[in-house]
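Q: Got a minute to go through this one with me? I'd like to start with the surface and then look at some side chains.

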Amino acid sequence: MSGKAARRPYVRPMAGWWRRDPFFVRYMVREATALAVLAYAVVLALGVVRLAQGETAWNGWLQALRSPASLLLHAVLLVSMVVHGHSWFEIMPKTMPMIFVGGRRLAATTIQRVGWGAAVVVTVVVFAAALWARA
Amino acid sequence: MKRSNAPIFWLLFGAGGMLSALLGTALVLVTGLLAPLGWVLGPAWMDYPRALAFAPDGTLLVAEAGRGEVRRFAIERSAAPAARE
């Protein structure tokens, strides 16, 4: 008997593992929003570089922001940011240490609602600041 | 015992995730959609003079830390020299 053929253990194929279960799909969508954050950070960092290079460079960056491709990208980024903000606080009860208030564990829904509420407040504040500096 | 460097990276991960969860939506909406389209915020929200300093009327503020003073420069679209206050 040849040793190799005798021992061929079954290895479960991992290709497409995250499509097998809606839970895994949601997990991968959540993780994928990190790419959106990365893309937006690159866009903003490029803007700072262009601003430092002077008015012509800055106007070129602004022009690029007005292109349909950029607007489409930012629409996708906006959806991703909403998904990220929602899921970040959705899983927060599992990612942070347990909190005890008066001997009882703080409810998961409380943590989630405080997080989502904070996100809404910050969003309104940023938007109000942008309006305050309106051209 | 060798110390783990994991806490540093978890801290960066957590801080970045938290900041983008709180600020990301509003920032993308403002800098990526509203300002380039000129919606709500006006057409010149990210124009060069305004992007340099953030005074709401477009005034350029230059702080001279060594002399302990702040100078205001009025913004003009022409090439005329900026007024000094």
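A: Sure. Chain B exposes about 5,700 Å², and carbon and sulfur atoms supply 67% of that. Keep in mind that this is a predicted model.

Q: How much of chain B is buried, then?
A: Buried residues are 34% of its 85 residues.

Q: And what pattern does chain B follow along the sequence?
A: It reads α-α-β-β, so to speak: 2 helices and 2 strands.

Q: What about contacts between residues 24 or more positions apart in chain B?
A: They account for 6% of the chain B contacts with a separation of 6 or more.

Q: Switching topic: how many aromatic pairs are there over all chains?
A: A search of the whole structure gives 5. One of them is F23(A) with F24(A): the ring centres are 6.3 Å apart and the planes sit at 65°, over the 60 degrees needed for edge-to-face.

Q: Which cluster do those two belong to?
A: An aromatic cluster with W17(A). F24(A) itself is partly exposed, at 32% relative accessibility.

Q: Which pair joins two chains?
A: W88(A) and F13(B) do, since W88(A) lies in helix α4 of chain A and F13(B) in helix α1 of chain B. Their ring centres are 5.9 Å apart with planes at 50°, so that pair is tilted.

Q: Are those two buried or exposed?
A: W88(A) is buried at 14% relative accessible area, while F13(B) is partly exposed at 48%.

Q: What sits over the ring of W18(A)?
A: The charged end of R19(A), 5.5 Å from the ring centre.

Definitions and conventions
Residues are numbered from 1 along each chain as its sequence is written. Chains are lettered from A and ligands numbered from 1 in the order in which they are written. This is a predicted model: local features need pLDDT of at least 70, side-chain atom pairs count only at pLDDT 80 or more; totals for chains, interfaces and linings use all residues. Side-chain values use heavy atoms; hydrogens and water are left out. Helices (H or I, at least four residues) and strands (E, at least two) are DSSP runs, numbered from the N terminus. Buried means under 20% relative accessible area, exposed over 50%, partly exposed in between (1.4 Å probe, protein chains only). Contact means heavy atoms within 4.5 Å. Accessible areas come from the Shrake-Rupley method with a 1.4 Å probe; for residues, only the protein chains shown count as cover. Rings of Phe, Tyr and Trp (its six-membered ring) pair if their centres lie within 6.5 Å; planes under 30 degrees apart count as stacked, over 60 as edge-to-face and the rest as tilted. A charge sits over a ring if NZ of Lys or CZ of Arg is within 6 Å of the ring centre and within 35 degrees of the ring normal.
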